[in-house]
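This report looks at a single protein chain, with attention to its nonpolar core, its salt bridges and one loop residue. The sequence and the structure come before the discussion.

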Amino acid sequence: MMIRLVLIVLCVVSLSYAETKKIVVDLTTGSMESFTTRFLGGVPGTIDYFAAQGNRVEVAVVIHGDAYKFFVEKLENTQYGVDEKLAADQESIHKRLAEIQKKYNITFEMCQTGMHAKGILTQDIYPFVTPIKSAMIGLVKWQNAGYAYIRVP
């Protein structure tokens, strides 16, 4: 009983000293290769690395530029509906995004200014993506909250 209590106290103490790594990803790439390797591969790899060091990791992603297309659920309602390659890859992209969002509790935010310019409506994007006023405001908010800035162009 005493050993169990000591182990519990040690776990609580070690968790309380774990550092939280905060990352904001400025996601603008429209390249499938960059999106796949640098974002879908790189972000989970980075989270796993820091978690293995005993750190907690919080990640926010601000979506704008050419990256909108990877987060549109209803391609046919947008300019991306004619992109056959994107349509063919959409199911696997959605599955992977949903997996990493759930596993790592990533916050996804999308610039409404760009959404409106591209004719993307809130009902056209994945439910785990939150529209925000602008990418600039989102990036400033996260960086002022102590998040390290990582650009994925």
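The text below takes up the core, then the charged pairs, then the loop residue.

The coordinates come from a predicted model, and the description should be read with that in mind.

**Nonpolar core**

The largest nonpolar core of the model comprises 43 residues, and those with the most contacts inside it are L27, F39, F71, L97 and F108. At least two residues of this core are supplied by each of β1, α2, β2 (56-63), α3, β3, β4 (129-132) and α5, with β2 giving the most, namely six residues. F71 serves as an example of the packing: when its neighbours within four places in sequence are left aside, F71 is in contact with L27, F35, I63, L97, F108, M110, I125, Y126 and V129. Three of these partners, L27, L97 and F108, are also listed among the residues with the most contacts inside the core.

**Salt bridges**

Side chains of opposite charge can pair when their charged atoms come close. The count of salt bridges in this model is four, and the table sets out pairs from among them.

| Pair | Closest N to O distance | Relative accessibility |
|---|---|---|
| E19 and K21 | 3.1 Å | E19 45%, K21 22% |
| K85 and D89 | 2.6 Å | K85 52%, D89 17% |
| E109 and K141 | 2.9 Å | E109 7%, K141 40% |

In the pair of E19 and K21, E19 is partly exposed, and K21 is likewise partly exposed. K85 and D89 both belong to helix α3 (residues 84-104), where they stand four residues apart, about one turn of the helix; K85 counts as exposed because its relative accessibility is 52%, over the 50% cut-off, whereas D89, at 17%, counts as buried.

The salt bridge between E109 and K141 joins different elements: E109 lies in strand β3 (residues 107-111) and K141 in helix α5 (residues 135-144), so the pair ties together parts that are 32 residues apart in sequence. E109 is buried, with a relative accessible area of 7%, while K141 is partly exposed at 40%.

**A buried loop residue**

Is T28, in the loop between β1 (20-27) and α2 (32-52), buried or exposed? T28 counts as buried because its relative accessibility is 16%, which falls under the 20% cut-off. Apart from neighbours within four places in sequence, T28 is in contact with H64, G65, D66, A67, V152 and P153.

Technical notes:
Residues are numbered from 1 along each chain as its sequence is written. This is a predicted model: local features need pLDDT of at least 70, side-chain atom pairs count only at pLDDT 80 or more; totals for chains, interfaces and linings use all residues. Side-chain values use heavy atoms; hydrogens and water are left out. Buried means under 20% relative accessible area, exposed over 50%, partly exposed in between (1.4 Å probe, protein chains only). Contact means heavy atoms within 4.5 Å. A salt bridge is a side-chain nitrogen of Lys or Arg within 4 Å of a carboxyl oxygen of Asp or Glu. A nonpolar core is a set of buried Ala, Val, Leu, Ile, Met, Phe, Trp, Tyr and Cys residues joined through side-chain atoms within 4.5 Å.
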